[in-house]
Amino acid sequence: MNILTNLKMYSQGVSIAIALTILMLPPNYIVLVHAQLVYMDEVVEVKISKGSSNINNTQFYAPPEVQVAAGSSIKWTNDDNVIHTVTQGKPSEGGNSTGFNSGPIQPGSTFVHFFDESGTVDYYCTIHPYMIGKVVVNPY
Ligand SMILES: [Cu+2]
């Protein structure tokens with residue numbers, strides 16, 4: 001058997017495996033996928049303002065507080081010319097080790113986080129802890 005025959009047989013095997021997997025899915029799985037697509041619809045934009053590394057800047061996260069429905073995502077865009085973070089928690093509490101953390105967001109780059117539970121979420125920039133923001137997640 002040459003390598004081409006082997007490859008062909010292998011790809012047929014993969015196709016059959018995928019087909020069997022689809023057949024074996026519980027009937028309500030397709031419904032769940034659709035429900036999630038509807039659920040995860042909204043993307044709310046927050047800008048990291050230019051000059052945010054300066055403590056005297058008039059605005060950091062813009063808007064500093066946003067209200068979203070559970071199941072929405074927020075997209076932060078770094079409009080500044082230095083690195084910032086979007087880190088869950090309050091600087092006075094040393095952050096929230098189990099929360100979300102963008103890590104360094106380069107100038108011009110974005111960070112997206114999905115909010116699936118209602119509640120109030122504080123966040124800040126670990127590099128410039130005077131940059132604070134808040135997300136109020138309302139029940140869907
Ligand atoms: Cu910052």
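## Exercises on a predicted model

β5 pairs with strand β7 (residues 119-124) in the antiparallel sense, over two bridges. The model is predicted. The exercises below start from this pairing.

**Exercise 1. Find the bridge partner of Thr87 in β7.**

Step 1. Take the pair β5 and β7, which is antiparallel.
Step 2. Place Thr87: the strand β5 covers 87-88.
Step 3. Read across to β7. The partner of Thr87 there is Tyr124.

**Exercise 2. Work out how β7 and β8 pair, and over how many bridges.**

Step 1. Locate strand β8 at residues 132-138.
Step 2. Compare directions. β7 and β8 run in the antiparallel sense.
Step 3. Count the bridges between β7 and β8: there are six.
Step 4. Check one position. Thr120 stands opposite Val136 in β8.

**Exercise 3. Write the strand order of the open sheet of four strands, then name its edge strands.**

Step 1. Put β7 between its partners: β5 pairs with β7, and β8 pairs with β7.
Step 2. Add β3. The order becomes β3-β8-β7-β5.
Step 3. Classify the sheet. It is open, and its pairing is mixed.
Step 4. Look for strands that pair on one side only. These are β3 (65-69) and β5 (87-88), the edge strands.
Step 5. Recall the general rule: strands of a sheet pair through backbone hydrogen bonds, either parallel or antiparallel.

**Exercise 4. Lay out the secondary structure along the chain.**

Step 1. Count the elements: two helices and eight strands.
Step 2. Order them along the sequence. The pattern is α-α-β-β-β-β-β-β-β-β.
Step 3. Turn to contacts between residues at least 6 apart in sequence. Of these, 64% join residues at least 24 apart.
Step 4. Add burial. Of the chain's 140 residues, 19% count as buried.

**Exercise 5. Where in the chain is confidence lowest, and where is it highest?**

Step 1. Start with the average: the chain has a pLDDT of 82, and 69% of the residues score at least 70.
Step 2. Find the extremes. Helix α2 (residues 29-39) is lowest, at a mean of 47. Strand β2 (residues 61-62) is highest, at 98.
Step 3. Narrow the low region. Over residues 31-39 the pLDDT is below 50, and this stretch has one contact in the model beyond near neighbours in sequence.
Step 4. Check residues 3-7. Their pLDDT stays under 50, and the model gives them one contact beyond four places in sequence.

Notes: Residues are numbered from 1 along each chain as its sequence is written. This is a predicted model: local features need pLDDT of at least 70, side-chain atom pairs count only at pLDDT 80 or more; totals for chains, interfaces and linings use all residues. Two strands pair if DSSP finds at least two bridges between them. pLDDT is the predictor's confidence in each residue, from 0 to 100. Two residues are in contact if their C-beta atoms, placed from the backbone, lie within 7 Å. A residue is buried if 20 or more other C-beta atoms lie within 10 Å of its own, exposed if 12 or fewer, and partly exposed in between; C-beta atoms are placed from the backbone.
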